[in-house]
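Please follow this account with the sequence and the coordinates at hand. It moves from the interior to the sheet, then to the contact between chains, and ends with the charged side chains.

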There are 2 protein chains.
Amino acid sequence: MPKPLHHPKRSQIALSAVLEALSDPIRRVIVQRLSHNGERSCSAFLSYASKTNLSYHLARLRTAGLVRIRPEGTCRMLSLRADDVEARFPGLLRAVLASAGVEGARPARRTRSSRGSSS
Amino acid sequence: MPKPLHHPKRSQIALSAVLEALSDPIRRVIVQRLSHNGERSCSAFLSYASKTNLSYHLARLRTAGLVRIRPEGTCRMLSLRADDVEARFPGLLRAVLASAGVEGARPARRTRSSRGSSS
DNA sequence: GTTGTGGTTCAATAATCATTGAACAAGGGA
DNA sequence: TCCCTTGTTCAATGATTATTGAACCACAAC
């Protein structure tokens with residue numbers, strides 16, 4: 001595919017764009033799987049969204065600087081730009097990915113001490 | 001003011017909502033100033049947005065679980081729910097606030113080694 | 001060449017977001 | 001009491017988002 005597929009360089013990665021990209025559950029799952037399993041083809045994520053919609057979400061991850069997309073024959077390989085993001089926003093990706101796994105796990109069992117805590 | 005001003009309890013704070021709330025620069029500045037200076041009145045942030053608009057942004061921070069709003073006489077006091085957010089998503093707030101300060105600082109001086117790197 | 005597969009682009013949609021001005025509500029003085 | 005300050009709610013607006021289907025493009029195999 002000829003379209004240059006623009007990626008922001010490390011210094012251009014913006015916090016707003018990164019947080020916005022990570023605020024979507026679908027995109028967070030993609031980032032998480034890339035973080036665990038390394039490089040994957042686009043089609044590996046077709047279970048999370050339709051072809052067109054997936055393309056949209058991947059473009060958002062790419063333009064935010066979270067993901068690199070490399071053409072390989074007829075398909076495209078995705079990889080997480082973990083080093084770039086870590087260099088720019090230290091600890092951010094780690095914190096989000098760690099939290100993403102637990103998110104919504106238990107309904108926060110009502111213990112005696114939490115009975116009337118937070119509003 | 002009588003309206004109960006709903007706050008989510010700690011276990012209800014959702015990652016998507018937190019990231020979404022923090023993805024806006026205005027809201028990030030507010031969170032940062034609360035983190036540095038502690039409790040502040042709403043009106044302390046009128047320099048960042050109009051009265052109505054500020055009320056909107058504060059409501060988003062509140063419903064996301066990032067901020068607590070407490071009526072005090074004729075004004076309202078804002079405080080960061082740093083402990084709740086930290087308990088739920090460890091390291092997240094720290095990472096965002098640390099990065100927020102540096103964001104967009106230097107225009108990334110073009111060194112020889114960065115000349116044609118990314119993208 | 002033709003066909004198939006992997007992905008993107010385009011146009012359209014419904015929903016949400018950010019921003020504004022006008023109106024309203026609840027204290028706290030004078 | 002009448003104001004003034006602080007802040008919210010409402011309605012409207014323009015911009016952006018997420019999602020879809022149809023069309024398209026590039027490569028690879030036949």
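The model shown here is predicted. Its largest nonpolar core comprises 60 residues, and the members with the most contacts inside this core are Leu78(A), Leu92(A), Leu78(B) and Leu92(B). As a general background, nonpolar side chains in soluble globular proteins tend to be buried together. The surroundings of Leu78(A) may serve as an illustration: leaving aside residues up to four places away in sequence, Leu78(A) touches Ile30(A), Leu34(A), Cys42(A), Phe45(A), Leu58(A), Val67(A) and Ile69(A), among others. The list of its contacts also includes Glu39(A), Arg40(A) and Arg68(A).

In chain B, an open sheet of 3 strands can be traced in the order β1-β3-β2, with antiparallel pairing. Strands β1 and β2 of chain B form the edges, each of them pairing on one side only. Strand β3 of chain B, residues 75–80, runs antiparallel to β2(B) and is joined to β2(B) by 6 bridges. Within this pairing, Arg70(B) stands opposite Met77(B) of β3(B). Helix α2(B) packs on the sheet and touches β1, β2 and β3 of chain B, its direction making about 85 degrees with that of β3(B).

Helix α1 of chain B, residues 15–22, offers a view of the interior from another side. How many of the 8 residues of this helix are buried? The number is 6 of the 8, so the helix is largely enclosed by the rest of the structure. The buried residues are Leu15(B), Ser16(B), Val18(B), Leu19(B), Ala21(B) and Leu22(B). Against which helices do the buried residues of α1(B) pack? In chain B the partners are α2, α3 (51–64) and α5 (92–102), while chain A contributes α1 (15–22), α2 (25–37) and α5 (92–102). The enclosure of α1(B) thus involves helices of both chains.

This leads to the contact between the chains as a whole. Chain A supplies 33 residues to the contact, and chain B likewise supplies 33 residues. The area buried between chain B and chain A is about 2300 Å², and carbon and sulfur atoms give 55% of that area. Across this interface, 0 salt bridges are found.

Over all chains, however, the structure holds 14 salt bridges. One of them, in chain B, returns the reader to the sheet: Glu39(B) and Arg70(B) meet through their side chains, with an N to O distance of 2.8 Å. This pair links distant parts of the chain, as Glu39(B) lies in the loop between α2 (25–37) and β1 (40–41), Arg70(B) lies in strand β2 (residues 67–72), and the two are 31 residues apart. Both partners are partly exposed, with a relative accessibility of 34% for Glu39(B) and 33% for Arg70(B).

In chain A, Arg70(A) forms a salt bridge with Glu72(A), and the closest N and O atoms are 2.5 Å apart. Arg70(A) is partly exposed at a relative accessible area of 34%, and Glu72(A) is also partly exposed, at 39%. A further pair in chain B joins Arg94(B) to Glu86(B), with the closest N and O atoms 3.5 Å apart. Here Arg94(B) counts as exposed at 56% relative accessibility, whereas Glu86(B) is partly exposed at 30%. Finally, Arg10(A), Arg68(A), Arg81(A) and Asp84(A) belong to one network, joined by salt bridges that share partners.

Terms used:
Residues are numbered from 1 along each chain as its sequence is written. Chains are lettered from A and ligands numbered from 1 in the order in which they are written. This is a predicted model: local features need pLDDT of at least 70, side-chain atom pairs count only at pLDDT 80 or more; totals for chains, interfaces and linings use all residues. Side-chain values use heavy atoms; hydrogens and water are left out. A salt bridge is a side-chain nitrogen of Lys or Arg within 4 Å of a carboxyl oxygen of Asp or Glu. Buried means under 20% relative accessible area, exposed over 50%, partly exposed in between (1.4 Å probe, protein chains only). Helices (H or I, at least four residues) and strands (E, at least two) are DSSP runs, numbered from the N terminus. A nonpolar core is a set of buried Ala, Val, Leu, Ile, Met, Phe, Trp, Tyr and Cys residues joined through side-chain atoms within 4.5 Å. Contact means heavy atoms within 4.5 Å. Two strands pair if DSSP finds at least two bridges between them. Axes are lines fitted to C-alpha atoms, for helices over the stretch in contact, and angles run from 0 to 180 degrees between N-to-C directions. Buried area is the accessible area (1.4 Å probe) that two parts lose on being put together, summed over both.
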